[in-house]
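Colleague: I'm new to reading structures like this one. Could you walk me through it with a few questions and answers?

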Amino acid sequence: MDPANQLSITPAQNGTHVVMSGETHLDFTANPNGHQAPAPDNLGFNQIELHRIDKHQAEVREMKDGVLVATVREKLSKDGTELTSTTSAVGHTPKLTVWTRTGGTKDPKDPFAGNWTQDLSKTRMRQGLPLKIEADGSGGVRFLGAYSYTARFDGKPYDLKNSRNDTVSLQLVDPHTVDTISKRDNQVTQKDRWQVSMDGQQMTLVSTSTLETGQHITEKLVFKKQ
């Protein structure tokens, strides 16, 4: 596919959260014990089962109203950099998809989580309040700073608090990069890219805002982990 789909797999409080974005969209949280879990708003299935086979393999069963529609066999390479998915469905030829891990490390911990302060030696503009980013336990994050929100990496709008904007949506580009879009009155007013360094100690924000005059202003801020 061009552009390729993007797959995000993150630990959640009640299992494993899976989000696929691009031409194909999926969003569900599967139980780790193989029990059936609801998967609403997904094309073709509304229930999911995740069965762990071993350290590098898992089987996902997609169901529609209790009827099995597809089985996906997931196999991770020994070095952890490649995931092969084989999807089998009745009446269809098995489909093979290969995913390549991009950016970041294989550590499941969220590199964005932590307390961040602005590194004034690397940026001229002052952001002001320190930032606090933490996992929310369901595959998303809680962001606390000059404004705050709780959101998942699914591209859907979430409410902003203490902000001139109304909503924010998050999209995981790779394990160390997140794109956000803020809107006011359903109009895009700000686009941000947050990127954490490979050692997890520096976070760079490139923010582009749209003024009421239509003028675009781009700012760059650098933060360091406390």
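Colleague: Let's start with a charged residue: which side chain of opposite charge is nearest to Glu62, and how far away is it?

Modeller: Keep in mind that this is a predicted model. Glu62 is buried, yet it has no salt bridge. A salt bridge would need a nitrogen of Lys or Arg within 4 Å of a carboxyl oxygen. The nearest side chain of opposite charge doesn't meet that: it is Lys95, 8.6 Å away.

Colleague: OK, what is Glu62 in contact with, leaving aside its neighbours within four places in sequence?

Modeller: Glu62 is found in strand E6. With those sequence neighbours set aside, its contacts are Phe45, Gln47, Ile48, Val67, Leu68, Val69, Ala70 and Val72.

Colleague: Ile48 is on that list. Which residue in E6 is its bridge partner?

Modeller: Look at strand E5, residues 47–54, and strand E6, residues 57–64. They pair in the antiparallel sense over seven bridges. In E6, the bridge partner of Ile48 is our buried friend, Glu62.

Colleague: Which strands stand at the edges of the open sheet?

Modeller: Follow the order of the six strands, E4-E5-E6-E7-E8-E9, with antiparallel pairing. The edge strands each have a single partner strand, so one side of each is left without a neighbour in the sheet. Those are E4 (37–38) and E9 (95–100).

Colleague: Moving along the chain, which residue stands opposite Glu134 in E12?

Modeller: E11 is joined to strand E12 (residues 140–144) by four bridges, and the two run antiparallel. They form a hairpin with four residues between them, and Gly137 in the turn has a positive phi of about 85 degrees. Opposite Glu134 in E12 you'll find Arg142.

Colleague: And which residue in E11 does Asn115 stand opposite?

Modeller: Here the pairing is between strand E10 (residues 114–118) and strand E11 (residues 131–135). It is antiparallel, over three bridges. Asn115 stands opposite Lys132.

Colleague: Asn162 has a positive phi. Is that residue buried or exposed?

Modeller: Its phi is near 60 degrees, and Asn162 is a residue other than glycine. You'll find Asn162 in the loop between strand E14 (158–159) and strand E15 (167–174). Its relative accessible area is 68%, and the cut-off to count as exposed is over 50%. So Asn162 is exposed.

Colleague: What is the relative accessibility of Asp185?

Modeller: Asp185 is in the loop between strand E16 (177–184) and strand E17 (187–196). Its phi is positive, near 55 degrees, again in a residue other than glycine. Asp185 counts as exposed, with a relative accessibility of 61%.

Definitions and conventions
Residues are numbered from 1 along each chain as its sequence is written. This is a predicted model: local features need pLDDT of at least 70, side-chain atom pairs count only at pLDDT 80 or more; totals for chains, interfaces and linings use all residues. Side-chain values use heavy atoms; hydrogens and water are left out. Two strands pair if DSSP finds at least two bridges between them. Buried means under 20% relative accessible area, exposed over 50%, partly exposed in between (1.4 Å probe, protein chains only). Lys and Arg count as positive and Asp and Glu as negative; His and the chain ends are not counted. Contact means heavy atoms within 4.5 Å.
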